[in-house]
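Hi,

Here is the structure I promised to pass on. Have a look at it first, and then read my notes below.

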Amino acid sequence: MAELKLNPMISKMDESYTVAIFSKVSNMKSRGEKVNGALCVGQPDFAPPPEAIKATQEAAVQGLTAYTAVSGTLELRQAISEYLEKYKKVKYSTDEILVACGGKQAIYQSMMALCQEGDEVIVPAPYWTSYPDIVKLSGATPVILETIASQGYAIDAAKLATAITPRTRMLIVCNPSNPTGCAMSPDQLDAIAGVLRRPENQHVLVLSDEIYERICYDGLEHASFAVLKDMWNRTLTINGFSKAFSMTGYRLGYLAAPKEIVKAASKLQSQITSCASSIGQHAGIAALNCDMSYIDAKVRELQEKRDLALNLLAKIPDVNCPKPCGAFYLFPDISAYLGRRTPEDETIEDGVQLCLYLLQKYQVALVPGIAFGDTKCLRLSYAATKENITDAITKLGNCLQSLTSAKKPRTS
């Protein structure tokens, strides 16, 4: 058999640092071992709205099982349009909305439609793990813009200004953020928009990933980037049903943007997956029109779990974690423990080794920060039961405090 040749684009993609963790979790569970993996999964721990579940059944029974238009049913696009105007104060017509098989597909198609070799895309770090690779697949170059814990991982407008070049095609804004939970205020967003409003920066588009927009705490009101002055025609709004509506398996997301962009992304989708699930789309309509008090109650529960997780982390010496106002993640800095040795006399050099050791010895699965472009931190999802949160973070503390900074003795 001749040597297998792969597309060169594949070699440009990074290996997922989460694969090793998830593979070991699966192997351990297959052997009947008990593993607490609840804090490494980025999905809610509650059911979709009852209206969405009922609509799922209705769609199947009523025979709504055929292909729809590539861009989605008119009814769902109209419901999205009404939702965005009601809750986000931003107007999109139905031909300015594309329904996709999840928010990730909407991001991918947006990037493929607008970016090419020679372009640069600014990716604030820590970042959602897929952003850099999607940029690379388009042919563009990801330019990493560091954010810092002391500023809550918010994008610094001054640093952004220095990162923009004539080759900058797009800025990615994930608000609230995966993996840090940073939810930027309207003033912080307007400072970013102020940089983009400068005459020399008129060429920069914004991909605003707002999938966590309903999950905000402490009275913070999320603002859509497109509602900011002069930003509508330069913003690609990404949203969907996976997070606040807890419909991860439905694979339903959408792009809202100027008509020309939506048309180009739709053309791509027609040759990739065609339409999103017809049953999922019917359920999506019901979700957008559900009793939002159900969602609000779940968000209050998540805030309680956030506070529990923060209090548990605060008990671990030398672990620092900003208090996030959105999503359902914490991103604690554990760098004080890197370079230390385990009781088995092995050195923990980085977060990947720490997560593997934590899984092996304490049966707790967490995600190393390097998966998100940061070597100092771990990501914890508190969309889990309080029992699992307490168990995982307590064991994390026990693990870290079992490490010693003592050097390995020399042998004669």
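To start with something you can look up yourself: which residue in strand 5 is the bridge partner of Cys-174? It's Asp-209. Do keep in mind that this is a predicted model.

That pair belongs to a parallel stretch: strand 4 and strand 5 (residues 205–209) are joined that way by five bridges. Strand 4 covers residues 168–174 and is mostly tucked away, with six of its seven residues buried. Strand 4 also pairs with strand 2 (residues 120–125), again in the parallel sense, this time over three bridges. If you want a spot to find that pairing, Val-121 stands opposite Met-170 in strand 4.

There's a helix to add here as well. Helix 8 (residues 186–197) joins strand 4 and strand 5 in a β-α-β unit, and the unit is right-handed.

Further along the chain you'll find an open sheet of three strands, in the order 8-10-9, with antiparallel pairing. The edges are strand 8 (329–330) and strand 9 (367–368), each of which pairs on one side only. Strand 10 (residues 378–381) runs antiparallel to strand 8, and two bridges join them. One place to look is Tyr-329, whose bridge partner in strand 10 is Ser-381.

As general background, strands of a sheet pair through backbone hydrogen bonds, and they can do so in parallel or antiparallel fashion. You can see the parallel kind between strand 4 and strand 5, and the antiparallel kind between strand 8 and strand 10.

Cheers

Notes. Residues are numbered from 1 along each chain as its sequence is written. This is a predicted model: local features need pLDDT of at least 70, side-chain atom pairs count only at pLDDT 80 or more; totals for chains, interfaces and linings use all residues. Side-chain values use heavy atoms; hydrogens and water are left out. Two strands pair if DSSP finds at least two bridges between them. Helices (H or I, at least four residues) and strands (E, at least two) are DSSP runs, numbered from the N terminus. Buried means under 20% relative accessible area, exposed over 50%, partly exposed in between (1.4 Å probe, protein chains only). A crossover is right-handed if, with the strands pointing away from the viewer, the path from the first strand over the helix to the second runs clockwise.
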